[in-house]
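Morning, everyone. Please look at the screen, and have the sequence ready as well.

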Amino acid sequence: MTIKPTVFAFSLMTGLFSSAASAHFPLMNCWFESDKVACEAGYSDASTAVDYAVNMYDYDDNLIAKGMTDKRSIAEFSKPDTDFYLVFDAGHENPVEVDVVEISEK
């Protein structure tokens, strides 16, 4: 039995690019601390996200606040009087969004 060249090439390419399937993706966990909102950003391979932007938007998609992660990968914001969501866009295909209803006290 012989393997057709196209099947062989596909098998070889699948093997070569299988590491892309295990690529890390961005994560963010947020919590309330009295009158503040804190978010820790990072990646699924447990690496940190230092000096990355985290933005806060209201439900009309207006930018409320901009923040940057510190050396602990944490960005902090004043808690607004309106509903909001936070976005960590690490430049990957899928930015992370955390909605206010997903946030609780730590």
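I'll go through confidence, then a sheet, then three residues.

First, this is a predicted model. The mean pLDDT of the protein is 85. Of its residues, 77% reach 70 or more. Now find residues 6-21. There, pLDDT stays under 50. For that stretch, the model has one contact beyond four places in sequence. I'll leave it there and move on.

Next, the sheet. What is the order of its four strands? Reading across, it goes 5-2-1-8. The sheet is open, and its pairing is mixed. At the edges sit strand 5, residues 74-78, and strand 8, residues 104-105. Each of these edge strands pairs on one side only. A quick reminder for the newcomers: strands of a sheet pair through backbone hydrogen bonds, and they run either parallel or antiparallel.

Take strand 1 and strand 2. Strand 1 covers residues 26-33, and strand 2 covers residues 36-43. They pair in the antiparallel sense, over eight bridges. To place yourself on screen, find Phe32. Opposite Phe32, in strand 2, stands Val37.

Now the loop between strand 1 and strand 2. Ser34 is found there. Is Ser34 buried or exposed? Ser34 has a relative accessible area of 58%, so it counts as exposed; the cut-off for exposed is over 50%. Look at the backbone too. Most residues other than glycine have a negative phi. Ser34 has a positive one, near 50°.

There is another serine to show you. Ser73 lies in the loop between strand 4 and strand 5. Ser73 is not a glycine, yet its phi is positive, about 70°. What about its surroundings? Ser73 has a relative accessible area of 1%, so it is buried. Buried means under 20%.

Stay in that loop, between strand 4, residues 63-68, and strand 5. Thr69 has its place there. Thr69 is buried as well, with a relative accessible area of 2%. Where does its side chain reach? One partner is the backbone oxygen of Ala49, at 2.5 Å. Another is the backbone nitrogen of Asp51, at 2.9 Å. Set aside the neighbours within four places in sequence, and Thr69 is still in contact with Ala41, Ala49, Val50, Asp51, Tyr52, Val54, Ile74 and Ala75.

To recap the three residues: Ser34 is exposed, Ser73 is buried, and Thr69 is buried. That's it from me.

Notes
Residues numbered from 1 in each chain as written. Predicted model: local features only at pLDDT ≥ 70, side-chain atom pairs only at ≥ 80, totals over all residues. Heavy atoms only, no water. Pairing = 2+ DSSP bridges. Helix = DSSP H or I, 4+ residues; strand = E, 2+ residues; numbered from the N terminus. Buried < 20%, exposed > 50% of the residue type's maximum accessible area, 1.4 Å probe, protein only. Polar contact = N/O pair within 3.5 Å; in protein donor to acceptor, adjacent residues only side chain to side chain. Contact = heavy atoms within 4.5 Å. pLDDT = per-residue confidence, 0-100.
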